[in-house]
Amino acid sequence: MAGEGLAIEARGLVKVYGQTRALDGIDLTVRRGQVFGFLGPNGAGKTTTIRILATLARPDGGTARVLGCDVVSEADAIRARVAVTGQFASLDEDLTGYENLIVFGRLRGLSRAASKKRVNELLAAFDLAGSASRPVGTYSGGMRRRLDIGASLIVTPDLLFLDEPTTGMDPRSRGQVWELVRQIAAAGTTVLLTTQYLEEADQLAGQITVIDHGRVVAEGTSAQLKARAGSGTLRVRLHDGEQRSRARAVLAGALEGPVQLGADPLTLSVLLAAPADPADTGRLVGHAMTRLWQARVAVAEVTLGQPSLHEAFLALTGHPASPAATDHEDTNS
Amino acid sequence: MSTPTATTSRAVPEAHRIDGLLAPSGPPRRAGALAASATFGWRAMLKIKHEPKQLTDVIAIPVLITVVFTYIFGGAISGSPGHYLKILLPGTLSMSIALVTMYGGARLAQDVTTGVFDRFRSLSIWRGAFVLGGLLSDVGRYLFASTIVVVLGLIMGYRPDGGAPGVLAAVALVAAFGLSLSWLWAAVALLVRDPAVVISIANVALMPLSFASDVFVQARTMPGWLQSFVKVNPISHVADAARDLMNNTGGAGGPVAWSLIATAAITLVFAPLTLHLYSKQA
């Protein structure tokens, strides 16, 4: 059987909400035992894909098998073996942390005693034992997320869906969640992780699929995606921010590839298209420097390096991976 | 190997060690339908424990209806509140429970919009457990509201001729009728997914059903067209049945039978509809 060693195998998934094609033919292949990164801006279709794979929504087209079972006809067999940690903390705010986990223990088929034992172990491991008797509504974002992940581990799942697990978190809590994901994956659970953060995918995921507007725009390892995005990035820092627009025009004329303005008003960068002969990169950069000199643009610093995943995203989708996208993702109506 | 797992160098200082808890759990277990429903019932009770203001409706509605209507209408209709209570109290019991039922629907509509609802739906449990568990806790609320009505009645001077068995039978009948209405509001809740809309729809339906009944006055004082409505109104039958049981007037007569038929009919239509709506979501 084709799907044997695969955690997820999706072909041509389509989901339509009203006039919007939230998914427009998504193909996914996820091997067992890996952390799979699903990267895209707001509204790209990440949550919709997870909802279909976790049997919460039906696809309008295409097929998907999860752990070898069809998401439509064998949904219940999938539910017994996967866990979903949604984008927004999916817990009862007015119940305590302990009570929340006990509810899931009982619903996962554990006896009263087994639930109690497992929940106390999880609370201790997640450093939540001291807050176990407080309502979840009083928890900090990081604590809530840990409890949320704990609720998905009541029974160790074969496949864990993590939908934007660190969105809106401070760097320390984010680091903690990353460490949890690494441990979960190391123990043998396949993890499908969606994220808007390129760094997160870079840090955690062995395999990354980039989606945008409901379509797969690129897939591969982090290194492959960066390589596909071009031979390198030229970053220029100016003496005078007033000259940036002139520098932009000059660089756009001298080099093939999109010019991006940095957050720092003195910086700009160019993604270099891979030349046929790698040795040409130096000639292209030299040419660009000469043109800047001719235009009387004062350059403070020039570096040539691998593109960041952020720059790679821009090259792959034609627009930056900004979370400020206006089209709202996945209203589950 | 590209999976970045053994990365001690990147470890966060206060990282949580959970690797001891991640052993494969063996073949998946499945919670039984009853255990899952009971768990959801327990969850609803916990919510009341943590947010006691959820009991506002089951306290305020029975108190207001029983006290206000006894003293406003009591003298006018029957000469004295004490005499009127025999007719009125079983009626306010029925009306109070009927009105309280809509809040269960509102809570369900609230619940299905939260993230935790999706998580429940992602579990391998009997599909009806979530709704049924909520309704089990609703029955608890109906019994609580019934107790308030009966105790208030006793304080105001009502003496049921049917005794404790009669009162208990009436409460059981009214609660069963309330449960049938719960299924109806649950179906509405799953359709509209908005607590305020559920309350509006339920009010529009329950107000005429409550007042155009013989809860407060006997049907023969009303115009003919209204009488025919009152006679088919299930709340009339339930109020009549509660009167018969509490005052020991009619035995297990017509109103009781009609109430049970109405209860069964509403349940048979809306319970399957609710379960269907629940499982076909999204």
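Which residue takes a positive phi just after α9(B)? In this predicted model, the residue in question is B:N248, with a phi of about 55 degrees. The helix that precedes B:N248 is a good place to start. Helix α9 of chain B covers residues 234–247, and its 14 residues reach 20 Å from the first C-alpha to the last. That span is close to the 20 Å expected at 1.5 Å a residue. Of the 14 residues of α9(B), 13 are buried, so the helix is largely enclosed by the rest of the structure.

Turning to chain A, the overall picture comes first. Chain A contains 11 helices and 14 strands, and its C-alpha atoms fill a box of roughly 80 × 45 × 35 Å along the principal axes. The domain assignment divides chain A into domain 1, residues 6–226, and domain 2, residues 230–306. The C-alpha centres of these two domains lie 40 Å apart. Chain A has 333 residues, and 50% of them are buried. Among its contacts between residues at least 6 apart in sequence, 70% join residues at least 24 apart.

A sheet in chain A deserves a closer look. Six strands make up this open sheet, in the order β6-β7-β8-β3-β9-β10, with mixed pairing. Its edges are formed by β6 (82–85) and β10 of chain A, each of which pairs on one side only. From one strand to the next, the twist averages 15 degrees. Within the sheet, β7 (residues 159–163) and β8 (residues 190–195) of chain A run parallel and are joined by five bridges; here A:F161 stands opposite A:L192 of β8(A). Two helices pack on the sheet. Helix α1 of chain A, residues 46–53, touches β3, β7, β8 and β9 of chain A, and its direction makes about 155 degrees with that of β7(A). Helix α6(A) touches β3, β7 and β8 of chain A, with its direction at about 150 degrees to that of β8(A).

Strand β9 of chain A, residues 207–212, can be followed residue by residue. All six of its residues are buried, and both of its faces are covered. On one side lie A:Q207, A:T209 and A:I211, and on the other A:I208, A:V210 and A:D212. Strands pair through backbone hydrogen bonds, either parallel or antiparallel, and β9(A) offers an example of each. With β3 of chain A (residues 35–39), β9(A) pairs in the parallel sense over four bridges, and A:Q207 is the bridge partner of A:F36. With β10 of chain A (residues 215–220), β9(A) runs antiparallel, joined by five bridges. In this pairing A:D212 stands opposite A:R215 of β10(A). The two strands β9(A) and β10(A) form a hairpin with two residues between them. In the turn, A:H213 has a positive phi of about 50 degrees.

Finally, the two chains meet. The contact takes 52 residues from chain A and 41 residues from chain B. On the side of chain A that touches chain B, the elements giving two or more residues are α2 (75–79), α3 (97–107), α4 (112–125), α6 (171–186) and α7 (198–204) of chain A. The most comes from α6(A), with nine residues. By residue class, this side of chain A divides into 24 nonpolar, 15 polar and 13 charged residues. Helix α6(A) thus appears twice in this account, as a helix that packs on the sheet and as a contributor to the side of chain A that touches chain B.

How values were computed
Residues are numbered from 1 along each chain as its sequence is written. Chains are lettered from A and ligands numbered from 1 in the order in which they are written. This is a predicted model: local features need pLDDT of at least 70, side-chain atom pairs count only at pLDDT 80 or more; totals for chains, interfaces and linings use all residues. A residue is buried if 20 or more other C-beta atoms lie within 10 Å of its own, exposed if 12 or fewer, and partly exposed in between; C-beta atoms are placed from the backbone. Two strands pair if DSSP finds at least two bridges between them. Domain bounds come from an automatic or database domain assignment. Two residues are in contact if their C-beta atoms, placed from the backbone, lie within 7 Å. The expected span of a helix is 1.5 Å times one less than its number of residues. Ala, Val, Leu, Ile, Met, Phe, Trp, Tyr, Cys and Pro count as nonpolar, Asp, Glu, Lys and Arg as charged, and the others, Gly among them, as polar. Axes are lines fitted to C-alpha atoms, for helices over the stretch in contact, and angles run from 0 to 180 degrees between N-to-C directions.
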